[in-house]
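Hi,

Here is the structure I promised to pass on. Have a look at it first, and my notes follow underneath.

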Amino acid sequence: MREAVTGPGVRHYPVLFSSGALGPLKLDNRAVVSPMTRTSATADGHATAAMADYYRDFARRGWGLIVTEAAYVDLAYSQGYANQPGIASESHARAWRPVVEAAHREGAPILMQIFHAGAINQGNHWVKGSIAPSAVRPLGEQIARYGGSGPFQVPREITRAEMAEIVAGFAAAARRAVAAGFDGIEVHGANGYLPDQFLTTYTNHRTDEYGGAVENRVRFHCEIMRAVRDAVPPQYPVGVRISQTKVNDLAYAWPGGVDDAAAIFSALAKTGIDFIDVSAHLGCDPVFGTDESLAGLAKKFSGLTVMANGKLHDPAKAEELLSAGQADFAAIAKGALADPAWPRKIAAGEAPVAFDPEMISPLATLDNTAAWRRRRGIAA
């Protein structure tokens, strides 16, 4: 049986350390390892033994739930970064099984995040161009810590046939994840990747039913979510990650404010999914002149289970958000990367290792983070 997370700190954060449920999954506490790009798979997208060790470490250090880094869904245009893992083939699925088994041996459930880069791909070693809702170059520069440099390429406008293929590709990837043993699926619909490119006004200039009003721009998200929901067993947890900001644009906000939030979250809820993972790079503060965070609006307008992400490595902030009913789980990224033992240390009243940007420099790989720890004499 998995060792419980205990200690004097638990009484300070009673909601964070209370048990919870995600569909049929029973979670020991509400601290979730948020998905983080680590670019440490093989060149052809297969998970490695180092990745199994990485996820096993979270599992044995007391996290209630783990969500993997994003895995690309097809071999055409979906890969975003060199050495990103895939779930685009049966061999990819087989390579993930030791990762799942490592987490399960330590008693932790693990979800797979599935992904299509759209226009946000880097280096482009593996595809001939990129696709997006409209032929608009992404803002900013490629991301150095993921191996990119210089401006993004201008994508080609996606065809209707390709859209249908991508929806089917997400469904096929979900079935592979089920076969690999994962406990649930999260679709990456955030941070400027393909579904979010449809949702974002300045990257979607379409004049068909996928462009214009927010109800049209969220349509592609909903088609993907219905396809994934239908591809897996009825009680199998399925969710989507949503954000306003992007990896290449930290300032974007939904132009319709609360009205957009109501349209987006209610539309997603109607697809039959189980949860929404709300990513807020700048933190879980109130938005749109309300007294609610974006996660709180997701809870209000969807009625679904909500994970909140954004500077919640501060346990007091996580507890406040959870206690207010604005989220059901706190998804933690940099805090988890910096210290896999974050839950046990918070529970014990100890200070976790603080995040240092050098942990993901010059590249956001497992090797670079391990080297940072060795230089400082911090145990793995």
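Helix α1, residues 49–60, lies across three strands: β3, β4 (65–72) and β5 (110–115). Against β4, α1 runs at about 155°. Before you read on, keep in mind that this is a predicted model.

Those three strands belong to a closed barrel of 8 strands. The order around the barrel is β3-β4-β5-β8-β9-β10-β11-β12, and the pairing is parallel. On average, neighbouring strands in this sheet are turned by 25° against each other, ignoring direction.

So where does the barrel close up? Strand β3 (residues 31–33) is joined to strand β12 (residues 329–332) by 3 bridges, and the two run parallel. If you want a spot to click on, A31 stands opposite A330 in β12.

Strand β9 (residues 238–243) is worth a look too. How many of its 6 residues are buried? The count is 6 of 6, so we can call β9 mostly covered, with buried meaning under 20% relative accessible area. In a regular strand, side chains alternate between the two faces of the sheet. For β9, V238, V240 and I242 are on one side, while G239, R241 and S243 are on the other, and both faces are covered. Note that R241 is in that buried set.

β9 has a parallel partner on each of these two pairings:
- Strand β8 (residues 185–188) is joined to β9 by 4 bridges, and V187 has V240 as its bridge partner.
- Strand β10 (residues 275–279) is joined to β9 by 5 bridges, with S243 standing opposite S279.

Now for a helix pair. Helix α3 (residues 160–180) packs with helix α6 (residues 219–231) at an angle of about 35°, and their axes are 8 Å apart. The crossing is right-handed. From α3, the residues involved are M163, I166, V167, F170, A171, A174 and R175. They meet F220, E223, I224, A227, V228 and A231 in α6. By type, this contact has 11 nonpolar residues, 2 charged ones and no polar ones.

Last, the cysteines, since you may be thinking about reducing agents or labels. How many disulfides does the structure hold? The number is 0. Is C222 buried or exposed? C222 counts as buried because its relative accessibility is 6%, under the 20% cut-off. C284 has a relative accessible area of 17%, so C284 is buried by that cut-off as well.

Cheers

Technical notes: Residues numbered from 1 in each chain as written. Predicted model: local features only at pLDDT ≥ 70, side-chain atom pairs only at ≥ 80, totals over all residues. Heavy atoms only, no water. Disulfide = S-S within 2.5 Å. Buried < 20%, exposed > 50% of the residue type's maximum accessible area, 1.4 Å probe, protein only. Axes fitted to C-alpha atoms, helices over the stretch in contact; angles between N-to-C directions. Left-handed = near helix turned anticlockwise from the far one by under 90°. Contact = heavy atoms within 4.5 Å. Nonpolar A, V, L, I, M, F, W, Y, C, P; charged D, E, K, R; others polar. Pairing = 2+ DSSP bridges.
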